[in-house]
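Here are my notes on this one, as numbered points. Have the viewer open while you go through them.

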Amino acid sequence: MEIMKSFDIKTKIYFGDDALDRLSQLPYKRVLVITDPFVVRSGMIQMITYRLSDADCEFEVFDDVVPDPPIEKISIGVKKMVQYNPDAVVAVGGGSAIDSAKAIKDFASRATGRTDVALIAIPTTSGTGSEVTAFSVISDPENNKKYPLVSDSLIPTEAILDAALVKSVPPAVTADTGMDVLTHAIEAYVSINNNEFSAALAEKAIEICGVFLLRSYLDNNDTHARKKMHVASCLAGLAFNSASLGLNHGIAHAVGAKFHIPHGRANAMLLPHIIEFNSDINKHSKSRSEYLPAVKKYVNIAKLLGLSNFNTITTVRSLVNWIQFMMKEMNMPMSVSQCGVDKTEYFNSIDAMAENALNDACTKTNPRVPSKVEVVSILKDLYDEERW
Ligand SMILES: NC(=O)c1ccc[n+]([C@@H]2O[C@H](COP(=O)([O-])OP(=O)(O)OC[C@H]3O[C@@H](n4cnc5c(N)ncnc54)[C@H](O)[C@@H]3O)[C@@H](O)[C@H]2O)c1
Ligand SMILES: [Zn+2]
């Protein structure tokens, strides 16, 4: 018997050309804009502020956001928010800015008791899907840890998907964030909490990545591809908000926190290893009568990408090969050693990273329960550039 489940989308999503015009209609009077310093420096902030002025909103801008936001920056933001007392927060930036805004708003509301503050999330990368999720990933640099906070109170009230904001994303960030989208969709699809609703969202996100990720990497002016990837990022966010993620994110958080590898890049390097682990299929595997439960799902994913092959083993292999092909085409490092991480320091950290990965909230929904020895072995393989 299945236990009762539910599915909802709490965030109202505005998308398409000129979606930013929603800002001119905001019913709020006092807005705190929380943003990435890049958005201010590049002048992109004006696309936000002139519309807030149109809506007769008073606003202040807080741009003390850094990649992989640490607790210390969140506290500074909380002070600012308590002092300004806005009725809405507008978060503009990549996952780091949106996650910062989510945590700042949540901690400030605990301090003031005010729970009616709206959160409008406007992504400038096509990656995390944070604009629709209950997750906010906060770093603890002293202990080399990343904590995914998960709470319904973190879910944004509105999300605005306007691809005009992602035009300036440089190719390396397009590659990293695009592979994050793919990892979200694949992990949600094979998660033990997957359901028909999350699967539908994940399938569409995977299909879009297959057709449009490389195109948006190769040409910043391919607006059609960028618009599609912006929507895919949100679809994948909705999928994992319902089904959660898996070991890929658990290990990526641990490695990213210790060696400051961009989140999507860490995920991409891990994907081939995690697919092999979850399916128990590697390049030496032979056909058998029974496969692990995730295998059927990986085969479906390969079919969605047009990679179906003549048997189960070769189909899962072709999915792994396609991921490696995408990474090579986008000039991404394939292993930790190619990221310039010192071998001794890395190997000395494996034990602690394995512990952190096993304790990460994302790991709980992985389709195959990993032991510490298995996580250690994946971490060792992740260093090796000769492997592929
Ligand atoms: N909350 C969630 O659901 C969730 C999911 C996955 C990842 N995350 C977290 O999100 C963070 C990563 O977010 P991200 O991948 O979007 O990267 P990011 O926000 O850290 O941004 C990466 C870089 O791109 C720059 N940038 C952002 N928008 C740009 C634009 N339009 N043009 C040019 N440069 C731009 C930023 O200034 C930064 O230097 C990590 O901390 C990760 O752990 C959160
Ligand atoms: Zn991610």
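1. A quick cut-off before anything else: a residue is called buried if 20 or more other C-beta atoms lie within 10 Å of its own, exposed if 12 or fewer, and partly exposed in between. Keep in mind as well that this is a predicted model.

2. Try the cut-off on Val316, which sits in helix α11 (residues 312-329). Is Val316 buried or exposed? With 27 C-beta neighbours inside 10 Å, Val316 counts as buried. Setting aside neighbours within four places in sequence, its contacts are Ile275, Ser279, Ile281, Val295, Tyr298, Val299 and Ala302. Take Val295 from that list: the C-alpha atoms of Val316 and Val295 are 7.4 Å apart in space, with the two positions 21 residues apart in sequence numbering.

3. Now the overall layout. The protein is divided into domain 1 (12-165) and domain 2 (174-383). Taken over C-alpha atoms, the centres of domain 1 and domain 2 are 27 Å apart. Across the boundary, 23 residues of domain 1 are in contact with 28 residues of domain 2. On the domain 1 side, the elements giving two or more residues are β1 (12-15), β7 and β8 (158-161), and β7 gives the most, with four residues. By class, that side of domain 1 divides into ten nonpolar, nine polar and four charged residues.

4. Where does ligand 1 lie relative to the two domains? Domain 1 (12-165) and domain 2 (174-383) both give residues to the shell around ligand 1, so ligand 1 lies between them. Of the 29 residues around ligand 1, the ones that come nearest are Gly94, Gly95, Ser96, Ser130 and Phe135. Four elements each supply at least two residues of the shell: α4 (95-112), β6 (135-140), α5 (171-190) and α9 (263-279). The largest share, four residues, comes from α4. If you're thinking about the chemistry of the shell, it has nine nonpolar, 16 polar and four charged residues.

5. On to the packing. Nonpolar side chains tend to be buried together in soluble globular proteins. Here the largest nonpolar core has 112 residues, and those with the most contacts inside it are Ala91, Ala185, Ala205 and Ala239. Helix α7 (residues 223-243) provides the largest share of this core, eleven residues. The core also draws at least three residues from each of domain 1 (12-165) and domain 2 (174-383). For a local view, pick Ala205: leaving out residues up to four places away in sequence, Ala205 touches Val181, Ala185, Ala232, Leu235, Ala236 and Ala239.

6. Helix α8 deserves a look of its own. How does its length compare with the expected span? At 1.5 Å a residue, the 13 residues of α8 should span 18 Å, and the end C-alpha atoms are 18 Å apart, which agrees. The helix is mostly covered, with twelve of its 13 residues buried; among them are Leu247, Ile251, Val255 and Lys258. The cover over the buried residues of α8 includes β6, β7, α5, α9, α12 (343-359) and α13 (372-383).

7. His249 lies in that helix, α8 (residues 247-259). It is buried, with 32 other C-beta atoms within 10 Å. Not counting residues up to four places away in sequence, His249 touches Glu187, Asn267 and Cys362. By contrast, His249 and Asp21 are 34 Å apart in space, C-alpha to C-alpha, and 228 residues apart in sequence.

8. Last, a couple of backbone angles to check. Most residues other than glycine have a negative phi. Which way does His260 go, positive or negative? His260 has a positive phi of about 50° although it is not a glycine. His260 comes just after α8, in the loop between α8 and α9, and is partly exposed, with 15 other C-beta atoms within 10 Å. Asn144 also isn't a glycine and has a positive phi of about 50°. Asn144 is found in the loop between β6 and β7 (145-150), and with 18 C-beta neighbours inside 10 Å, Asn144 counts as partly exposed.

Methods: Residues numbered from 1 in each chain as written. Chains lettered and ligands numbered in written order. Predicted model: local features only at pLDDT ≥ 70, side-chain atom pairs only at ≥ 80, totals over all residues. Near = placed C-beta within 6 Å. Nonpolar A, V, L, I, M, F, W, Y, C, P; charged D, E, K, R; others polar. Domains from an automatic or database assignment. Contact = placed C-beta atoms within 7 Å. Expected span 1.5 Å × (residues − 1). Core = buried A, V, L, I, M, F, W, Y, C linked by C-beta atoms within 7 Å.
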